[in-house]
Structures are given as structure tokens and as C-alpha cells.
Amino acid sequence: MQEKLIAKFEEIFGAGADVRSYFAPGRVNLIGEHTDYNGGHVFPCALTIGTYGIARKREDKKLRFYSMNFDKLGVLESSVEGLKPDNAANWTNYPKGVMWAFGERGMKVTQGMDLLLYGNIPNGSGLSSSASVEVLTGYILRDLFGFSVTNQDLALIGQYAENNFNGVNCGIMDQFAIAMGKADHAIFLDTATLHYEYAPLKLDGAKIIISCTNKKRGLGDSKYNERRAECEAALAELQTQTNIRSLGDLDEKQFAQYQNAIKDETRIKRAKHAVYENQRTLRAVEALKNQDLKLFGELMNASHVSLRDDYEVTGKELDTMVEEAWKVDGVIGSRMTGAGFGGCTVSIVKEEAVDAFIAQVGKAYKEKIGYAGDFYVVEIGDGPCRLDTIKAN
Ligand code: GLA
């Protein structure tokens, strides 16, 4: 793959010494949705699909960017000087945001670079293509300019950039899953403390299928901020009765005890999801440790129901995809993944049922929604890497 990308890089930017190749994955979250900004736990993993980057340091201050996913835009040129927050929907604002964020942390980028990107994460799918670009950029800056930052720092810098440069109020899950990914493992992360553990994903021959609704997110972004605000308001009400720092501090029993403090039905539902989903995540990780895949799947299903009924972030497309999946023999669990409102579902499916799953769910989805979904049998991969230091495929 990288030979082709290097050839394209040289065609666009010209040949020359020290052209380096990199990769950062996308992510899928198995359970623990909309908990990462509520001080709860998440359980995501990195994928083997993601973003490739070819980069070369420049002697001047120019930034020249080219994305093979947006060929029509051609080369986009700017400068490392005077970078400032910009929430316009222009892909270069992701790498620029990360450069700016390094500067904010006292690591000013003073030299320019040429950068070519190619992503094989399906567009608008909610598999974190933007976090992938952020972590990739941070990794490249570290490698090219020698900044002393850990992979965990790269996650935090990526999130800081997305929050403060791009104006998207996301939590830490996506960048963390990408920067810290480990093949065949999911990451059990406590977002309140950033304490994490790798959990081997022993699926007993079952496969992970990502089903893409092909409903793009958009409106979703404003709803995302609305949900965050609802949870913050519910937390403030609960704090009048009990001394907690976040919704993740409560279990179901404690929530029942204090929920009357929340003076609005909708906010009660939102907070209930955050509390219950966090507890489900703890149980799901325990179930996986006990090799109880059946329970793990049931908790995934319950997560979807809660996201549908209490958090209300699913919609017709995601619900259809999941409800059709539940009908297929050999499906261990299925739920929406990511922010919701569109994007993808994640299902754990017995190996022998994979073909039937894709045929059956694909047919029913198209009949009910009117256009086709896409299906990917995915593998759990590592975090970011420099490709030319490992053996090429
Ligand atoms: C998006 C955000 C994450 C997280 C999920 C929902 O992917 O970027 O931080 O909040 O939604 O779990």
C-alpha cells in the first residue's frame, strides 16, 4: 500500500530524500456509549482500517496538504505561522488543529511539511476518521520533529485540538482507542482517571461485523452537544443531594435513591442511560474475563435499547440495522456504536453465520430503508506506527 502512496506523494510534491510513511487506525466501541464525558468507562478497540500518511519535513514554514479522499481539492497550502482555531468543515483543520495544540503545550512547530493522506475508513461512518487523522498527525510531528510525548499524550492533544480548534465537544474515547490500540485486544478505559487495561478479545471463533447504515451524521453533531448539556444539568441537580463528581460515580441503586433530584423526565432518562451504561460496561468486561460471551452479547443488546429509548440517539436506520441483526441465528450481540444518529452498528456473530448475516440483514435493511447498507468483517489492530520501519506487506 505505502509504495503506491509514496508514488502519489512524489507525483504531487516532487521526489526527494526522507519521505516517511505512517498509519493510524480507526476505532469501534464494543460497549460504553456516551459515557466518556460522564466520567464512566468505555470498551473500544482499534481497527486494521484507518488513515495512511506520507510526510516530509520542509526547510521553510509552508504546509502543503493533499488528501486522496478529496482529490478534487488538490494541494491545500498554508503556513505553520499564525495557526488559530477554525471550525470550518475543511479536512486540513484536523492536522492544523493538532499542530496548534502542540504549540499550546509549548512544542511549537517551526518548520513546515508536505503531507499526503489516504483513509480507508468508510466516510461519515462514525468509526472516527477525524480522531484517526489527529493521532496520525501527532505521531508524525513527534517522529519528524522529535517532540517528547507519549501515545497517551497524543490522544489528549488530539482531543484538545478537536475541542478547542475544531469546536467539537468530543470525549477522550476515540483518540485514546486509536493512540493506545493493541491487536486482538479491547481497551477498558476509566475516562475519569484514564486508568486502562487491555482485555484480550477471545471471541471463540466469532467475528466482529460493522454494519454501516450509510446515513451520514450531520444534525447529529448539535444533538451530541445537547446530550452533553442534558447530562451536565442532571449532574448538577444530583449534586444538590449527593457528593458525586460525575454520573459515573453512581450505580443503579444509588441512582434510584437520588433520581428525584432531577426535575425533568427527559433529563432523568439521559442520566439513567449514563449510569446504567457505565454499569453494563463494567459487567461486560467481567463477562468477557469469565468467557461468558453470551452475557457480553446480552449487555450489548441492552446498551442499544437504552441508547434507543432513554438516550434517544439511534433513529430508524440504526434501529432497523440492529433489530434485523437480532433476528439472525448466530448473532451474539448487536448495537449502535459511536455517537449515533447514523453511522454504524457493531455485531458479534458466530463465524458460520457471517454470510447469512450479511445477506439477511442487507436485504431487510434495503427493503425497509430504501438504500443499501455496507458490511465489514473487521480485525482488531494496533495503534499508530511508522510503516517504513516495519516490513512492508
Ligand atoms: C463520539 C465522541 C466520543 C464519544 C462517542 C459516544 O464518538 O467523539 O468521545 O462520546 O461519540 O460514546
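In this predicted model, a residue counts as buried under 20% relative accessible area, as exposed over 50%, and as partly exposed in between.

Q: Why is Asp184 called partly exposed?
A: Its relative accessible area is 47%. Partly exposed covers what lies between under 20% and over 50%, so Asp184, at 47%, gets that label. You'll find Asp184 in the loop between helix 5 (173-179) and strand 7.

Q: What makes the backbone of Asp184 worth a second look?
A: The phi of Asp184 is positive, about 60°, although the residue is not a glycine. Most residues other than glycine have a negative phi.

Q: Why is Leu194 called buried?
A: Leu194 has 18% relative accessibility. The cut-off for buried is under 20%, so Leu194 counts as buried. Leu194 sits in the loop between strand 7 and strand 8, and its phi is positive too, near 65°, in a residue other than glycine.

Q: How do you know that strand 2 pairs with strand 7?
A: Pairing needs at least two bridges between the strands. Strand 2 and strand 7 (residues 185-190) are joined by 2 bridges, so they count as a pair, and they run antiparallel. Within this pair, Val42 stands opposite Leu189 in strand 7.

Q: What makes strand 2 and strand 8 edge strands?
A: The open sheet has 3 strands in the order 2-7-8, with antiparallel pairing. Strand 2 (41-42) and strand 8 (195-200) each have a single partner strand, so each has one side without a neighbour in the sheet.

Q: How do you know that the span of helix 8 is close to the expected one?
A: Helix 8 (residues 265-289) has 25 residues. The expected span is 1.5 Å times one less than the number of residues, which comes to 36 Å for helix 8. From first C-alpha to last, helix 8 reaches 36 Å, so the two fit well.

Q: What makes the link between Asp264 and Thr266 a polar contact?
A: At the start of helix 8, a side-chain oxygen of Asp264 comes to within 3.1 Å of the backbone nitrogen of Thr266. The limit for such a pair is 3.5 Å, so this one qualifies. Past the other end, just after helix 8, Gln291 takes a positive phi of about 55°.

Q: Why is Asp310 called buried, and what does it touch?
A: Asp310 has a relative accessible area of 16%, and buried means under 20%, so the label holds. Asp310 lies in the loop between helix 9 (293-309) and helix 10 (316-326). Leaving aside residues up to four places away in sequence, Asp310 touches Lys269, Arg270, Lys272, His273 and Val305.

Terms used. Residues numbered from 1 in each chain as written. Predicted model: local features only at pLDDT ≥ 70, side-chain atom pairs only at ≥ 80, totals over all residues. Heavy atoms only, no water. Helix = DSSP H or I, 4+ residues; strand = E, 2+ residues; numbered from the N terminus. Buried < 20%, exposed > 50% of the residue type's maximum accessible area, 1.4 Å probe, protein only. Polar contact = N/O pair within 3.5 Å; in protein donor to acceptor, adjacent residues only side chain to side chain. Contact = heavy atoms within 4.5 Å.
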